[in-house]
Amino acid sequence: MELQLALDLVNIPEAKKLVKEVEEYVDIVEIGTPVIINEGLRAVKEIKQEFPHLKVLADLKIMDAAAYEVMKASEAGADIITILGVAEDLSIKGAVEEAKKQGKKILVDMIGVKNLEERAKEVDEFGVDYICVHTGYDLQAVGKNSLEDLATIKRVVKNAKTAIAGGIKLNTLPEVIKAKPDLIIVGGGITGQEDKRAAAAEMKKMIQQGE
Ligand SMILES: O=C([C@H](O)CO)[C@H](O)[C@H](O)COP(=O)(O)O
């Protein structure tokens, strides 16, 4: 199980400072959608340049023009790029093809997918690298989480790795670990803590113990 740090509500200098604090404990650094909206792919480029030993995920949540956007994120240094599960089949296939050309990986974010089981089976057959269940901020606010959705995709996904994101905190991490996703994505559960390094260290320890 890998741990991904999601950076959403920071600018580039703040992102660098945060990664420095926790770099020993995370496997992947996500440059979140809000950061890319504010700072552009420059944020991906600068983080990859400063932390070349870490994998960097560009959370573009691609919906269209997939091959082009995967190419641009790859050029900026992203190792993993996200596309939405609700995107057209052709877009997801295009993203996979371009990522393969560039030696990169594709994570499909299933946020907002209604026919989760059926769609997870389909995107798994397109050759994507990760399939991620995700409770976005707006549903977190009404008390939702993605544990049931994780169980659903774990039943049907045969090739891709599984991932989970959305509101995971230290107190909810044990049940997430028990469900055994390949990748656990944590934003506010680390970035919102007073001692971010301690939170990341504790999470990494719990994940290693759960393996
Ligand atoms: O993808 C995310 C969200 O849509 C904003 O871009 C977050 O990175 C993801 O939800 C993880 O963050 P937390 O929910 O704060 O753990």
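This report walks through the barrel, the core, the ligand shell and two unusual loop residues of a predicted model.

## The barrel

Start with the strands. Eight of them, in the order S1-S2-S3-S4-S5-S6-S7-S8, form a closed barrel with parallel pairing. Going from one strand to the next, the twist averages 25 degrees.

For a closer look at one pair, take strand S1 (residues 2-7) and strand S2 (residues 28-31): they run parallel and are joined by four bridges. One residue to pick out here is Gln4, whose bridge partner in S2 is Ile28.

Helices come into the picture too. H4 lies across S3 and strand S4 (80-84), and its direction makes an angle of about 155 degrees with S3.

## The nonpolar core

The largest nonpolar core has 64 residues, and the members that touch the most others are Ile31, Ala58, Val108, Ile131 and Cys132. Among the elements, S3 gives the most to this core, with five residues.

Cys132 is worth clicking on. Leaving out residues up to four places away in sequence, Cys132 touches Leu107, Val108, Asp109 and Met110, along with Ala163, Ile164 and Ala165. Val108, then, turns up both as a contact of Cys132 and in the list of best-connected core members.

## Around the ligand

Which residues are closest to the ligand? They are Ala6, Gly32, Thr33, Gly187 and Gly188, out of 18 residues that surround the ligand. Three elements give two or more residues to this shell: helix H2 (33-39), strand S8 (183-186) and helix H10 (188-191).

As for chemistry, the shell is a mix: eight residues are polar, seven are nonpolar and three are charged.

## Two loop residues with positive phi

Most residues other than glycine have a negative phi. Two residues here go the other way, so they deserve a quick look in the viewer.

Ala65 has a positive phi of about 50 degrees, though it is not a glycine. You'll find Ala65 in the loop between strand S3 (55-62) and helix H4 (66-76), just ahead of the helix that lies across S3 and S4. Is Ala65 exposed or partly exposed? Ala65 counts as partly exposed because 13 other C-beta atoms lie within 10 Å.

Lys180 isn't a glycine either, and its phi is positive at about 55 degrees. Lys180 sits in the loop between helix H9 (173-178) and S8, and S8 is one of the elements that contribute to the ligand shell. Lys180 has 12 C-beta neighbours inside 10 Å, so Lys180 counts as exposed.

Technical notes:
Residues numbered from 1 in each chain as written. Predicted model: local features only at pLDDT ≥ 70, side-chain atom pairs only at ≥ 80, totals over all residues. Near = placed C-beta within 6 Å. Nonpolar A, V, L, I, M, F, W, Y, C, P; charged D, E, K, R; others polar. Buried ≥ 20, exposed ≤ 12 C-beta atoms within 10 Å, placed from the backbone. Pairing = 2+ DSSP bridges. Axes fitted to C-alpha atoms, helices over the stretch in contact; angles between N-to-C directions. Contact = placed C-beta atoms within 7 Å. Core = buried A, V, L, I, M, F, W, Y, C linked by C-beta atoms within 7 Å.
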